[in-house]
Amino acid sequence: MAVPFVSRKRINPRDLDADGKFYPAPAYISEVNINKLAEEISESTTLTATEVVGVIRSLLLTVPKYMMLGYKVRLDSFGIFKLGFKNNCKGWEKPSMVTANDIGDVKVIFSPDAMLKDKLNKPEFVKLDAKYLPSDDKEENSEPGTTEN
């Protein structure tokens, strides 16, 4: 299984007048939704696709609930989800001065499990021509005339 990529032109934010350079970027072919995942999971379990969708939807409700309660949520062999605060919080000299009003935005932090990292480690890659990607993934800064491989 090869991971698709394309060439993307990136401009140096420190030198906006300079010509950009091309770098590899992931090529997203499309999206996979809950129903597609459920179909595939149902083929390898005794659950129907409808039952799998129900389980996934319950998981999507339950994980944020526990994160909001202050738990780290570990999905074995997949990873850990937890809440974090973006770096726009105000700092104080004393702990007693810190209040909830100092918290800016909340973010979700995902730490992949070693097994997931191992499965994604050292994949093969295949270069795609950006003109064959769905229009919402094409960027004007793709290299003109990029060819496969």
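Helices, here runs of at least four residues, and strands, runs of at least two, are taken from DSSP and numbered from the N terminus. With those names in hand, welcome to this structure, which is a predicted model.

**The pocket**

A good place to begin is the largest pocket, which holds about 340 Å³ of space. Of the 13 residues that line this pocket, the closest to its centre are Leu59, Leu60, Val63, Leu75 and Phe81. Which elements each supply at least two residues of the lining? They are α1 (34-43), α2 and β4. Helix α2 gives the largest share, with six residues. As for chemical class, the lining counts 13 nonpolar residues, with no polar and no charged ones. Rolling a probe the size of a water molecule over the atoms shows where empty space is left.

**The sheet with β3, β4 and β5**

Next comes an open sheet of three strands, arranged β3-β4-β5 and paired antiparallel. β3 (73-75) and β5 (106-112) are the edge strands with a single partner each, so one side of each has no neighbour in the sheet. From one strand to its neighbour, the turn in this sheet is 25° on average, direction ignored. Helix α2, residues 49-68, packs on the sheet and touches β3, β4 and β5. The direction of α2 makes about 50° with that of β4. Between β3 and β4 (residues 79-85) there are three bridges, and Leu75 stands opposite Gly79 in β4. Leu75 is also listed among the residues closest to the centre of the largest pocket.

**The sheet with β2, β1 and β6**

There is also an open sheet of three strands in the order β2-β1-β6, and its pairing is mixed. Where are the edges of this sheet? They are at β2 and β6, which have a single partner strand each, so one side of each is left without a neighbour in the sheet. The twist here averages 40° from one strand to the next.

The table sets out how the strands pair, taking both sheets together.

| Strand pair | Sense | Bridges |
|---|---|---|
| β1 (residues 2-10) and β6 (residues 124-127) | parallel | four |
| β1 and β2 (residues 21-26) | antiparallel | six |
| β3 and β4 (residues 79-85) | antiparallel | three |

Some residues make these pairings easy to find in the model. Towards β2, Arg10 stands opposite Lys21, and Ser7 stands opposite Pro24. Towards β6, the bridge partner of Val3 is Phe125. In a regular strand the side chains alternate between the two faces of the sheet.

**Links between distant parts of the chain**

How many aromatic pairs does a search of the whole structure find? The search finds five. One of them joins Phe5 and Phe125 edge-to-face, at 6.5 Å centre to centre and with 80° between the planes. This pair links distant parts of the chain, since Phe5 sits in strand β1 and Phe125 in strand β6, 120 residues apart.

Pro4, which lies in strand β1, offers another example. Pro4 and Lys127 are 123 residues apart in sequence, yet their C-alpha atoms are 5.8 Å apart in space. Leaving aside residues up to four places away in sequence, Pro4 touches Pro26, Ala27, Ile29, Val126 and Leu128.

Methods
Residues numbered from 1 in each chain as written. Predicted model: local features only at pLDDT ≥ 70, side-chain atom pairs only at ≥ 80, totals over all residues. Heavy atoms only, no water. Pairing = 2+ DSSP bridges. Axes fitted to C-alpha atoms, helices over the stretch in contact; angles between N-to-C directions. Contact = heavy atoms within 4.5 Å. 1 Å grid on protein atoms, 1.4 Å probe; cavity = no way out; pocket = protein on both sides within 12 Å on 5 of 7 lines; lining within 4 Å. Points joined across faces, edges and corners; volume = space filled by probe spheres on them. Nonpolar A, V, L, I, M, F, W, Y, C, P; charged D, E, K, R; others polar. Phe/Tyr/Trp six-rings, centres within 6.5 Å; stacked < 30°, edge-to-face > 60°.
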